[in-house]
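User: I am new to this structure and should like to be guided through it by questions. Please reason briefly before giving each answer.

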Protein chains: 2
Amino acid sequence: MDLATPTAKPHDRLAHALSGDMQAVNAMIRERIASEHAPRIPEVTAHLVEAGGKRLRPMLTLAAARLCGYDGPYHIHLAATVEFIHTATLLHDDVVDDSKQRRGRPTANLLWDNTSSVLVGDYLFARSFQVMVETGSLRVLGILSNASATIAEGEVLQLTAARNLETTEETYLRVVRGKTAALFSAATEVGGIIAGAPEPHVAALRAYGDALGIAFQIVDDLLDYGGTAAIGKALGDDLREGKLTLPVIRALAQADAEERAFWSRTIGKGRVEAGDLDRAQAILARHGALESTRQTALDWAERARLSLRALPDHPLSEMLEDLASYVVERIS
Amino acid sequence: MDLATPTAKPHDRLAHALSGDMQAVNAMIRERIASEHAPRIPEVTAHLVEAGGKRLRPMLTLAAARLCGYDGPYHIHLAATVEFIHTATLLHDDVVDDSKQRRGRPTANLLWDNTSSVLVGDYLFARSFQVMVETGSLRVLGILSNASATIAEGEVLQLTAARNLETTEETYLRVVRGKTAALFSAATEVGGIIAGAPEPHVAALRAYGDALGIAFQIVDDLLDYGGTAAIGKALGDDLREGKLTLPVIRALAQADAEERAFWSRTIGKGRVEAGDLDRAQAILARHGALESTRQTALDWAERARLSLRALPDHPLSEMLEDLASYVVERIS
């Protein structure tokens, strides 16, 4: 296993170390999205799958299986399954959020229509289960079907919590676990399970994926109020969409009457005007909400790194450790 | 087992014979749609599940398992699974078709919104896999995940075939198998499998479900051009939505230039005017397309009945035979 140069980004070093496996995963994805009779399916899927996503989730599965010493064929199936589930949720998310851009390209719902996105998402979800059934592991099936239910539940919870200023940090964490961390933790956990790793190692992999996913999502939510256009997402989307993210929840807890009126008009009622993003940033900064959110993301990244201590020494384990630092690098 | 009176409708006699099992299925459905943190999920699901659907698909699973002598607990799980998959597809179909009414009530996408329908459908789909994993049967998981993929593929095929006058009977049959027969045949097949029935019996149950589902859908498509408002669906929906169903495909095969222009304007281009439904009916009748479609539906119902001959004698088998006659009764 060539580990590339230590100065490369952790994500690229992982990709390099797992390049043979990733080629097999990509081949399986292409093979399984083929539909002889409904060519719309591979068209829509290829648009998204081949748009140059980072393939972070399937790499987590591959890395987990390999660092636990797996040398069978089924980590490829599981990695493809994880990417299918992720792609299905992206297709449905873009319908739910009425998004126009994803990974710098027009979304499938814009290029085709919402109905294609809904149905092709359903198809990929079904395909993901077909592929995982081939592994023959009921335990893996249980974990990934639980993760799928948690993802959908998290999305519904986010939908119903939107514009509700009473949203708690507990609810926020539940949404984050649903929309992001559930698939991260399932991805690492099933890698360990397919490798037949001992239970403490499986638990460590699950805890790593959970903490990594939470850190990843908090960074995303923080950058929505303080990042640059370079991250491929429009600044202030969450403010406009009325999403109650951690910085806002913390600023609300300390808001005076005037600030509360501001959040109520913008997040609560959706009346966002020119200059409101600047004002939101100023309020968040005044209460230290950006700084405390940043610290929470760093804490989760540290928790992810600590989880890995239970695993045997392995170059891939070190890369996963670096990856946890990398997801918070933009805010460090 | 009380088989009720022989004069009752086959569907009601089945419901009566399986009433204990159906109560257990309903209890499991209620229990599994509960979501402590996202009450929108049980609200939306209950709206649809408790709207008085006929529960035909879960009854097929229960009947198949029972007539093969099953007395374990897992036919309940499988019947609930089948109803979850069916409900998820209804929620997504109503979004795709932009429907306003289902089972005589406003649709969930109208009462809540499209996003709730998409996400709650996803949740039910994930839940269905969780419930079927509990049966511990990988074979059953394979069949139901295949069926789910076939359903989605059939829906995509229907979407892309809409307004295309070149659609063949072969494509029509593929759409029908996807949107309807795939779940019917999976429902009966997994009932036999969970009961440990011998392969010829499993094959007979699968063939019965397939033929029953096809007959059921062809009747539905025929009544769209010749039924009454009593069936709960607006007459002429398929004409307005540009769906190429069997009567139209057969009339198109014999159309003169003027008729072809008519189909091209209505089905092909979606310009449906007052009086067009009457004219469509007249053209269909002139070419015997309604009569030949009717005959095709009767043939599939007969094929369903014949499939049952391979099964052991059982009161439930007789009820399934009567059910095949019943689904074509409205056109007999």
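**Salt bridges and the meeting of two chains**

Analyst: Over all chains, the structure holds 38 salt bridges. The model is a predicted one.

User: Which residue forms a salt bridge with Glu199(A)?

Analyst: Glu199(A) lies in helix H10 (residues 199-226) of chain A, and its partner lies in helix H8 of chain A, so the pair ties together parts that are 60 residues apart in sequence. The two side chains meet at 2.9 Å, N to O. The partner of Glu199(A) is Arg139(A).

User: Is Glu199(A) buried, partly exposed or exposed?

Analyst: Buried means under 20% relative accessible area and exposed means over 50%, with partly exposed in between. The relative accessible area of Glu199(A) is 46%, and Arg139(A) has a relative accessibility of 38%. Arg139(A) therefore counts as partly exposed. Glu199(A) is likewise partly exposed.

User: How many residues apart in sequence are the parts that Arg260(B) and Glu166(B) tie together?

Analyst: The side chains of Arg260(B) and Glu166(B) meet in a salt bridge of 3.1 Å, N to O. Arg260(B) belongs to helix H13 (residues 257-268) of chain B, whereas Glu166(B) sits in the loop between helix H8 (138-161) and helix H9 (169-194) of chain B. Arg260(B) is partly exposed at 34% relative accessibility, and Glu166(B) is exposed at 55%. The parts tied together are 94 residues apart in sequence.

User: In the salt bridge between Glu259(B) and Arg286(B), is Glu259(B) buried or exposed?

Analyst: These side chains meet at 2.5 Å, N to O. The pair links distant parts of the chain, with Glu259(B) in helix H13 of chain B and Arg286(B) in helix H14 (residues 276-286) of chain B, 27 residues apart. Arg286(B) is exposed, at 55% relative accessibility. Glu259(B) has a relative accessible area of 4%, under the 20% cut-off, so this residue is buried.

User: Which residues are linked with Arg32(A) in a network of salt bridges?

Analyst: The network of salt bridges includes Arg32(A) itself. The residues linked with Arg32(A) are Glu31(A) and Glu134(A).

User: By what turn can chain A be laid on chain B?

Analyst: Laying chain A on chain B gives an RMSD of 0.0 Å, with a shift of 0.0 Å along the axis. The two copies are thus related as by a two-fold rotation axis. The turn is 180°.

User: What percentage of the interface residues of chain A are also interface residues in chain B?

Analyst: In the contact between the chains, 38 residues of chain A meet 38 residues of chain B. The copies meet through the same surface, because the share of chain A interface residues that are also interface residues in chain B is 100%.

User: How many residue pairs are in polar contact between chain A and chain B?

Analyst: Chain A and chain B bury about 3500 Å² between them, 76% of it on carbon and sulfur atoms. The count of salt bridges between the two chains is zero. With both residues at pLDDT 80 or more, the count of residue pairs in polar contact is four.

User: Which element gives the largest share of the side of chain A that touches chain B?

Analyst: Two or more residues each come from helix H3 (40-49), helix H5 (74-96), helix H7 (114-133) and helix H8 (138-161) of chain A. By class, this side has 18 nonpolar, 12 polar and eight charged residues. The largest share, 14 residues, comes from H8(A).

Key
Residues are numbered from 1 along each chain as its sequence is written. Chains are lettered from A and ligands numbered from 1 in the order in which they are written. This is a predicted model: local features need pLDDT of at least 70, side-chain atom pairs count only at pLDDT 80 or more; totals for chains, interfaces and linings use all residues. Side-chain values use heavy atoms; hydrogens and water are left out. Copies are superposed by least squares on the C-alpha atoms of residues with pLDDT of at least 70 in both. Contact means heavy atoms within 4.5 Å. Buried area is the accessible area (1.4 Å probe) that two parts lose on being put together, summed over both. A salt bridge is a side-chain nitrogen of Lys or Arg within 4 Å of a carboxyl oxygen of Asp or Glu. A polar contact is a pair of N or O atoms within 3.5 Å; within protein, one must be able to donate a hydrogen and the other to accept it, and residues adjacent in sequence count only if both atoms are side-chain atoms. Helices (H or I, at least four residues) and strands (E, at least two) are DSSP runs, numbered from the N terminus. Ala, Val, Leu, Ile, Met, Phe, Trp, Tyr, Cys and Pro count as nonpolar, Asp, Glu, Lys and Arg as charged, and the others, Gly among them, as polar. Buried means under 20% relative accessible area, exposed over 50%, partly exposed in between (1.4 Å probe, protein chains only).
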